[in-house]
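This report describes one protein model in plain terms. It begins with the cysteines and then moves to helices, strands and one loop.

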Amino acid sequence: MRIAVTGSIATDHLMTFPGRFADQLVADQLHTVSLSFLVDNLDIRRGGVGPNICFGMGQLGGNPILVGAAGYDFDEYRAWLDRHGVDTGSVRISEVLHTARFVCTTDKDHNQIGSFYTGAMSEARQIELKSVADRVGGLDLVLVGADDPEAMLRHTEECKTRGIAFAADFSQQIARMDGDEIRTLLDGATYLFSNEYEKGLIESKTGWTDAEILGRVGHRVTTLGSRGVRIERTGEPAIEVGCPEEEAKVDPTGVGDAFRAGFLTGLSWGVSLERAAQVGCMLATLVIETLGTQEYTLRRAHFMERFTKAYGSDAAAEVQAHLS
C-alpha cells in the first residue's frame, strides 16, 4: 500500500530564558517594547507534521512518501529521513527560501514567545500529486496534513479528481480556515482525523452536525488524549482504543503525529481498524516519553512486550507478523 503524506516540513529552534518575561515588561511602555533575552541553551529539533508522521511510519518498517516543500538548507534533514525509511524524492526544494522555522523562547514560568517563518512551505501549492504518483507507480492513500492552505486545497481537489483515497487532517490550520474551506477538505475523505476540541470546531465552522459529517466521510478518527482514540462509521458501532501505560510523561509534542503514523502503517499492513489504532496508540506513547518528535527509538522486542501488555497476546500476534 503506497501512502503519501503531505504536510509542513519545518525545524524548531527552542530556547530557554532563566527569568520571567513578566519581570521585563513595563506596563505603560508596552506600545514600544524593545527587549532582548539572554538565553541558556538552544535546542534545534526536526519537525513539521509531514516528516513527523513519515518518520514514525519508517520506524515501523513502512516506506512512506513525504510530499511537501523545503528550502535549500534541507540536505541534512533529508539525509536523516532517508536513513529512517522515508521516501523524500517528492519533496520540492525552493531555490530562494529557507525551510519553515519555528523560533520559540520559554521562560521559567513556561510562558512562551515564538515566531513561525513559513518560508519554503508556501511553495507546497505548486506540487502536483500526479507527478508523485507517476514516480512511485501509483498512490493508494494520501494524507492531506497541515500545510500551506492553498496546497491543502489543491491536494484534496486533485485526489477527488483522480479518484485517489485521501485522509483529511487539518490540525494546526483549522484555526485559520473558514467553513467553506473545511467543508471542501473533508467532503469525501476516507478518514477524517482530529482531536476532541478540533472535532467541535469543525462542526461549528461547517455548520454540519456530527451525523452529517459522518455521512460525508468514511471514518471519523478522534484522538482523546490520555483516553486513547475513537473511530466512528455510519451505521457501525464506534471502536474505542485506550492508551498503553506510560513509563514517563516527558513531552506531548508530536504525539498526534505518532498516532497517525502507527494507524496509517496498520492500514498498510491490512490489519483491522482496532488493531491499527492500537499500533498508533503504542507509538504515540513512545513519543510522549521522549523529548522531541523524532528522537525516539523503536526497539521491536520492547515495542511488542509493551503492546502485548496493553492489548493482549492475540492482538500482539497479528502485529508481530508485520513488525518482524
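Cys159 has a relative accessibility of 1%, so it counts as buried. Buried stands for under 20% relative accessible area, exposed for over 50%, and partly exposed for what lies in between, with a 1.4 Å probe and protein chains only. The model is predicted: local features need pLDDT of at least 70, side-chain atom pairs count only at pLDDT 80 or more, and totals for chains, interfaces and linings use all residues. Residues are numbered from 1 along each chain as its sequence is written, and side-chain values use heavy atoms, with hydrogens and water left out.

**Cysteines**

How many disulfides does a search of the whole structure find? It finds zero, where a disulfide is a pair of cysteine sulfur atoms within 2.5 Å. The closest cysteine sulfur to that of Cys54 is in Cys159, 15 Å away, which is too far for a bond. Cys54 is also buried, at 0% relative accessibility.

**Helices H1 and H9**

Helices (H or I, at least four residues) and strands (E, at least two) are DSSP runs, numbered from the N terminus. Cys54 belongs to the buried residues of H1, which include Pro51, Phe55 and Met57. Helix H1 covers residues 49-59, and eleven of its eleven residues are buried. Just after H1, Gly61 has a positive phi of about 95 degrees.

Helix H9 (residues 273-288) is largely enclosed by the rest of the structure, because 15 of its 16 residues are buried. Its expected span is 22 Å at 1.5 Å a residue, which agrees with the 23 Å between its end C-alpha atoms. The expected span is 1.5 Å times one less than the number of residues.

**Strands**

Nine strands form an open sheet with mixed pairing, in the order E5-E4-E1-E8-E9-E10-E11-E12-E13. Strand E5 (87-93) and strand E13 (239-241) are at the edges; each has a single partner strand, so one side of each lacks a neighbour in the sheet. On average, neighbouring strands of this sheet are turned by 20 degrees against each other, direction ignored. Axes are lines fitted to C-alpha atoms, for helices over the stretch in contact, and angles run from 0 to 180 degrees between N-to-C directions.

Helix H6 (residues 196-206) lies across strand E10 (191-195), strand E11 (219-223) and E12, and runs at about 115 degrees to E10. Contact means heavy atoms within 4.5 Å.

Three strand pairs are listed below. Two strands pair if DSSP finds at least two bridges between them.

| Strands | Sense | Bridges | Residues paired |
|---|---|---|---|
| E12 and E13 | antiparallel | three bridges | Arg230 and Glu240 |
| E2 and E6 | parallel | seven bridges | His13 and Val103 |
| E6 and E7 | antiparallel | six bridges | Arg101 and Tyr117 |

E6 and E7 form a hairpin with five residues between them, and His110 in the turn has a positive phi of about 70 degrees.

**The loop with Arg216**

Arg216 sits in the loop between helix H7 (210-214) and E11. Is Arg216 buried or partly exposed? Its relative accessible area is 35%, so it is partly exposed. Outside its neighbours within four places in sequence, Arg216 is in contact with Leu186, Asp187, Gly188, Ala189 and Trp208. Gly188 is 28 residues from Arg216 in sequence, yet their C-alpha atoms are 5.6 Å apart. The side chains of Arg216 and Asp187 are joined by a polar contact of 3.5 Å. A polar contact is a pair of N or O atoms within 3.5 Å; within protein, one must be able to donate a hydrogen and the other to accept it, and residues adjacent in sequence count only if both atoms are side-chain atoms.
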